[in-house]
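Biologist: I should like to go through this protein with you step by step. Please show the sequence and the structure before we begin.

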Amino acid sequence: GRLDGACAHIPTFNDEERRFFRLALARAWGMRAFQQTSTSLFGSAASPGCVCTFRTCKSYYRLENECAELLMLAPAVKALEGFNTREWAARYSSDKVTWPVSGASARAPVRLIGSREEHLAQVRALIEGATTSICVVAGYAHVESPDHSEIILKLLPAAARRGVRVRVLFDALPFKGQHNAATQWGMLAPLLPAQKNRTVVAEYLTELRNEVESCPEGTFRVAFFEARCAEAGYLVKSHVKLFAADGRLAIIGGSNMIPTVMAGKNDCDCLVGGTAASDLSTFFSAMWLEQTGETLPAALPSSTPLPCEQNIVWHDTSAPFATGSSRPSILGDDPILAASVALIDSATEEVCLCYGFSGLMAPLVYALSRASARGVRVRVLLNSHFSCDLRPPMRDLAAGARALLLAAPTAEVYLTGPRQPGDVREEEVGTTQGSH
């Protein structure tokens, strides 16, 4: 991610990654073809592979993106061979973790964002009202979204041209996959499915660099997060989502810059102000320095309120908070997981956990089973392969749900069903929606 200009080089696969990707794609494509053939001949898939390969991952283009994710997942799984799960989970026992928020914690105003429309309006207001700085971190760039393109290619450049310092940090891995899908097939691309998607990506990447470089020097810079586990060498993904303006307001949560149309209001995002917003801006400066080598000025809140501040209705004007970050390694040190376990261990009546994807990790299973054993109601909502945006971790998700139900039979575990009719065959819906 080191900057050699206003926009870092678009990340691309190296030779080893390209070979891995093509092998993974060939396997996935073969599995999908076999499943489709067996279904048409025998009425059901005879393959032991995941049925979602062709039922909910319908497009070949999407299959390419899934295989790009395996560049991160497969080496990490290999590194975990022989990993002592019990020893790792023991680090998160109830006597070794602490919930970091207390009555003595710093306080700040907070508002839960209630819809995609509200989120878009808040982002636009932050950009249009900023006078000193805008900081953005996102895991993905939804390049096919007109709203995303408007923000990145129009609104942020406009802010930079009026003198606002704009810094955007994307995760490199999704860009590698998108760039590869847009460029790897050369003259064969027009013959492949989703050519429109490939063209959109290629045009976006070109326009992004052009817009960034057309802004006054030093005002608009874009970089890409790249890191590896120091002990095992596998790729580490940035899952940070942050949009901050002037050190006065910041949006954090589950959405990459803005919610997708499919996510709607199902992501959990919040708007914060005061010390929380300035702390998040400081966190961004440290992350940006690590990735680019550029030192940003101290993230002091601007003395000038943003115009939108007077219209914000805060849900809590003095919520206690604690800042923290997590970059787990093969050693398993994870402050966010530790805080989550401590919060579950403090529950006396009910625990509600909404989990995006991947599996319920052993420390969470143990903590939830402890809560259930002491009479706390435990309710867990998980994605399924009908709604998850990542298909590869589905086996982990099912294993984690099963482990929880074995450890805590009274826990209530719900899986999401299809987003819309036609996602799956009708006879599968009854065994998935409200599965419990």
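Modeller: One definition is needed at the outset: two strands pair if DSSP finds at least two bridges between them. Please keep in mind also that this is a predicted model.

Biologist: Which residue in strand 8 does A244 stand opposite?

Modeller: Strand 7 covers residues 242-245 and strand 8 covers residues 249-253, and they pair in the antiparallel sense over four bridges. F243 has I251 as its bridge partner in strand 8. In strand 8, the residue opposite A244 is A250.

Biologist: Which residue in the hairpin of strand 7 and strand 8 takes a positive phi?

Modeller: The hairpin has three residues between the strands. With a positive phi near 60 degrees, the residue in question is D246.

Biologist: Which residue of strand 9 does I251 stand opposite?

Modeller: Strand 8 also pairs with strand 9, residues 269-273, in the antiparallel sense over five bridges. Within strand 9, the residue opposite I251 is L271.

Biologist: In the open sheet of eight strands, which are the edge strands?

Modeller: The order of the sheet is 4-3-2-7-8-9-1-10, with mixed pairing. An edge strand here pairs on one side only, and the two that do so are strand 4 and strand 10 (316-321).

Biologist: What angle does the direction of helix 5 make with that of strand 8?

Modeller: Neighbouring strands of this sheet are turned against each other by 25 degrees on average, direction ignored. Helix 5 packs on the sheet and touches strand 1 (106-112), strand 2, strand 7, strand 8 and strand 9. Its direction and that of strand 8 make an angle of about 145 degrees.

Biologist: How far apart are the end C-alpha atoms of helix 6?

Modeller: Helix 6 has 16 residues, 146-161, and at 1.5 Å a residue it should span 22 Å. The model agrees with this expectation, because the end C-alpha atoms are apart by 21 Å.

Biologist: On which residue is the kink in helix 6 centred?

Modeller: The buried residues of this helix include D147, H148, I151, I152 and L155. Their cover includes helix 5 (116-129), strand 2 (133-138), strand 3 (165-171) and strand 7. The kink is of about 30 degrees, and its centre is I152.

Biologist: Is S302 buried or exposed?

Modeller: S302 lies in the loop between helix 9 (274-292) and strand 10. Leaving aside neighbours within four places in sequence, S302 is in contact with T131, T132, D246 and R248. A residue under 20% relative accessible area is called buried. The relative accessibility of S302 is 10%, so S302 counts as buried.

Biologist: Which strands stand at the edges of the sheet of three strands?

Modeller: This open sheet has the order 11-12-13, with parallel pairing. Each edge strand has a single partner strand, so one side of each is left without a neighbour in the sheet; these are strand 11 (350-355) and strand 13 (412-415).

Biologist: Which residue is the bridge partner of L382 in strand 13?

Modeller: Strand 12, residues 377-382, pairs with strand 13 in the parallel sense over four bridges. In strand 13, the bridge partner of L382 is L415.

Biologist: Over which residues is the pLDDT below 50?

Modeller: The chain averages a pLDDT of 83, and 86% of the residues score at least 70. One stretch is below 50, although it has 30 contacts in the model beyond near neighbours in sequence. Where pLDDT is low, the predicted coordinates should not be read in detail. The stretch below 50 is residues 422-436.

Notes
Residues numbered from 1 in each chain as written. Predicted model: local features only at pLDDT ≥ 70, side-chain atom pairs only at ≥ 80, totals over all residues. Heavy atoms only, no water. Expected span 1.5 Å × (residues − 1). Bend = angle between axes of the 7 residues up to and from the residue. Buried < 20%, exposed > 50% of the residue type's maximum accessible area, 1.4 Å probe, protein only. Contact = heavy atoms within 4.5 Å. pLDDT = per-residue confidence, 0-100. Axes fitted to C-alpha atoms, helices over the stretch in contact; angles between N-to-C directions.
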